[in-house]
Amino acid sequence: MTGRLRRAVRQVGATSVLAIAAVLVLGLGASWQAASVIRHGQHERAQAVLDRAASLSEAAVGDEIHRYLDTLRTVAAAVGSHDELTAGDFAAITAPLRQAGLVGATSLVFLVAADDGQLPAVQQYWRERGLTGLELRPDAPGREHLFTIFTRTLDPGSPLAAGTDLSQLAEPTAAMYEARRSRQPAVSDTYVLLRDRSLSPQAQQLSFLLAAPAYGDPAADGQQQFKGWVVLGLRGQDFVGGVLSRATQGQAGAELWAQNGSGQAARVAALRQPGEPDLHRDVQVTIANRQWRLAISADSARLGGSAPQLPLLVGLGGTALTLLVCGMLWALAGGRGRAEARVVAATAGLRQAEREASRQVALLNGILDRISDGVGVVDETGAFLVHNPAAKQMLGRTLDADGSEHWQEHYGMFRPDGTTPFPTEDMPLVRALAGESTDRVEMIIRNSDRPEGLLLSVSGRPLEADGRRGAIAVFHDITEAREREADLTAFAGIVAHDLKNPLTVIGAHAEMARDALPDRPEQAAESLDRVGAGVVRMRRLIDDLLAYVTARDAALKTCEVDLAALVADVVGERVNHLRTPPDVYVGALPRVLADPAMLRHVLDNLLGNALKYVHPGRVPKVDISAGPVGEEWVRVEVADRGIGIPEEDKPHVFESFHRAHAGQSYGGTGLGLAICRRIVDRHGGSIAVTDNPGGGSRFSFTVPAAPALTPAAPHHEYV
């Protein structure tokens, strides 16, 4: 064998042998280096897909829990607003929950607290309000008992019987006590629901409940009466499966871990996916008053449409090509006849490799051509490298415009208001070229091929390959989603109108009945006054809830607004009917770019608060002023000399249903400032509150300035 090799080397020549060896080493190195690069790219794409799944999962859990808490707060507020809550009242309040789509929810329960000495009176009280057969069953004497009173079942299971004492369960008891202490919703430790303990161990789930306190109107001493708790039970596995299966789209697994009060972590539920997970992400989600952990995992080989065998095929294919080339060189060096035979074999191998490469390219192009979301890729100069058919269909242009300075005019890109051209520097692809990632940036595309306009949500990410920078953007059509939101807003308006009609009738008849009393007995007159006050409070709550929804979903109709004229109109409506007019000073005000109706709501709310929250017996004093902030914004300030806002309440005054003076005799729903913040946020501005030097509060917010600032209108005083 050694002799044959020596003869072959002598026949080929030492120089040719060295050249063939060099080709072999370089070819094998390049082949497996390419395989490594492809594998790394697949891994990076899988990481990006997992990041998106983690972000969507976090948003899905957070949004769903926020919706559950809003529902719980709304029911608690409705329960608290009834001076004499009956079984019929509770059934009417909770009836819409059956169609609310609360995934994993078992039941919504109203509970009250009572000690041993109060049991007969509490039992008789609720029997008179619809629970004729109620029997309060304390588990043990010598403690405060927590009894179930009314229950709205949300799943096919059997509900807890009225009169059940939950003080024997540490987890719900701790959550309800925390909710009563903080006056905010609280989440319990994980445990097996009392109603599920009769099931087999395999059918049981770790569950938790959300508890919210219910308070009535302030009493004579100014303190709100605590009425009980509204509690919502959730099965962990049903909740996670229902919420996260849509968010992960079958590409990733998920586990929800609770941080219990003991400091130990407990796995609430898990969503399993096939494969061997090698990628993991942990995100924190807020569940009422606690932070829980959401663990997302996936098999990188199953993410992003990757072909796991592609790196191996490239490496083996490159190796085969290298060996074929070396064989060709050996054959050419050894003899023409043998070289010709080798060339034929090598040519067949090259054709096979070419077909394989073409198949891979066709596969990648097929994926881009068939996905419903638009995909656009540009190089560092802004020239388009990829624009799949979905992107071209959404943008309404078959030809691309290279260079970011031409995109707005070519594609017809506008802000969500439909009239403001989208600034080049704010476009997701431009920001991605600068190294900044963006998510769900909304814009409207309207051009000659899309005259009706299309609302898109665009996310951008920077790219870097072979030392060259680029960017990728993903376009998602949300036009129909926004139309559905508009329909829901219109539906809310109709419902609010239908709810206010009975209130108008009740208020009118209460007034007529009071006027018709022959001798106006004090007790009857007081009852009718309470009916009238309840009508006013309910009408205010309906108006604020409708404004709260509209401020989020209604389309912005921006135009140039004369701020001076708008403020004068709002001030006139507020003060002209008062016997003792307040001291209102209005400074010079410019023109701004805003939705007139929404801006009017902000000014009316801030002025109304300034006139309402004053010390008894004092004349309200309000200063309204405005000034430029840079070249594109205007800051409007409303300052008063009222009772001010406690320091600990300032970070929360713009939250829903938060009232800084809840224990005092100042009316309100706690939604006014939350509506103001939504409106200002939708205009791209910010809103804040500080102490006013000399006493009171100073509210300030920013709105876009008009394109060309006109001279400010002169100031006015209303005394």
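**Exercise 1. Which residue follows helix 16, and what is the sign of its phi?**

Solution. Helix 16 is followed by Gly684, and the phi of Gly684 is positive, near 85 degrees. Helices here are DSSP runs of H or I with at least four residues, strands are runs of E with at least two, and both are numbered from the N terminus. The model is predicted, so local features need pLDDT of at least 70 and side-chain atom pairs count only at pLDDT 80 or more, while totals for chains, interfaces and linings use all residues. Residues are numbered from 1 along each chain as its sequence is written, and side-chain values use heavy atoms, with hydrogens and water left out.

**Exercise 2. Describe the chain as a whole.**

Solution. Step one is the secondary structure: the protein chain has 16 helices and 23 strands. Step two is burial, where buried means under 20% relative accessible area, exposed over 50%, and partly exposed in between (1.4 Å probe, protein chains only). Of the 719 residues in the protein chain, 41% are buried. Step three is contact, meaning heavy atoms within 4.5 Å. Among contacts with a separation of 6 or more, 64% join residues 24 or more positions apart.

**Exercise 3. Determine how helix 14 packs on helix 15.**

Solution. Two packed helices are described by the angle between their axes and the distance between the axes. The axes are lines fitted to C-alpha atoms, for helices over the stretch in contact, and angles run from 0 to 180 degrees between N-to-C directions.

- Geometry: helix 14 (residues 563-575) and helix 15 (residues 596-612) pack at about 45 degrees, their axes 10 Å apart.
- Class: that angle makes helix 14 oblique to helix 15. Angles under 35 degrees count as roughly parallel, over 145 as roughly antiparallel, 65 to 115 as roughly perpendicular and the rest as oblique.
- Handedness: helix 14 passes helix 15 in a right-handed crossing. A crossing is right-handed if the near helix is turned clockwise from the far one by less than a right angle, and left-handed if anticlockwise.
- Residues: helix 14 makes the contact with residues including Leu563, Leu566, Val570 and Arg574, and helix 15 with residues including Leu599, Leu603, Leu607 and Leu611.
- Composition: the contact residues divide into 11 nonpolar, 1 polar and 5 charged. Ala, Val, Leu, Ile, Met, Phe, Trp, Tyr, Cys and Pro count as nonpolar, Asp, Glu, Lys and Arg as charged, and the others, Gly among them, as polar.

**Exercise 4. Repeat the analysis for helix 15 and helix 16, then state the burial of helix 16.**

Solution. The angle between helix 15 and helix 16 is about 145 degrees, and their axes are 9 Å apart. Helix 15 passes helix 16 in a left-handed crossing. From helix 15, Met598, His601, Val602, Asn605, Leu606 and Asn609 meet Gly672, Leu673, Ile675, Cys676, Ile679 and Arg682 of helix 16. This contact divides into 7 nonpolar, 4 polar and 1 charged residues. Helix 16 (residues 672-682) is mostly covered, with 8 of its 11 residues buried. Among the buried ones are Gly672, Leu673, Ile675, Cys676 and Ile679.

**Exercise 5. Locate the nonpolar cores.**

Solution. A nonpolar core is a set of buried Ala, Val, Leu, Ile, Met, Phe, Trp, Tyr and Cys residues joined through side-chain atoms within 4.5 Å. The largest has 62 residues, of which Val61, Val79, Phe110, Leu210 and Trp292 touch the most other members. Helix 2 (residues 14-81) gives the most to this core, 13 residues. Leaving aside residues up to four places away in sequence, Phe110 touches, among others, Val79, Phe90, Trp126, Phe147 and Trp229. A second, separate core of 42 residues includes Val571, Val575, Val592 and Cys676.

**Exercise 6. Compare the settings of two non-glycine residues with positive phi.**

Solution. Most residues other than glycine have a negative phi. Ala288 has a positive phi of about 55 degrees, and Arg440 one of about 50 degrees. Ala288 lies in the loop between strand 8 (279-287) and strand 9 (290-298), whereas Arg440 is in strand 13 (residues 438-447). Ala288 is buried at 19% relative accessible area; Arg440 is exposed at 51%.

**Exercise 7. Place Ala705 in its surroundings.**

Solution. Ala705 sits in the loop between strand 22 (697-704) and strand 23 (716-718). Its relative accessibility of 9% counts as buried. Beyond four places in sequence, Ala705 touches Arg591, Val592, Leu593, Glu631, Glu632, Trp633 and Val634. From Gly627, Ala705 is 78 residues away in sequence and 10.0 Å away in space, C-alpha to C-alpha.
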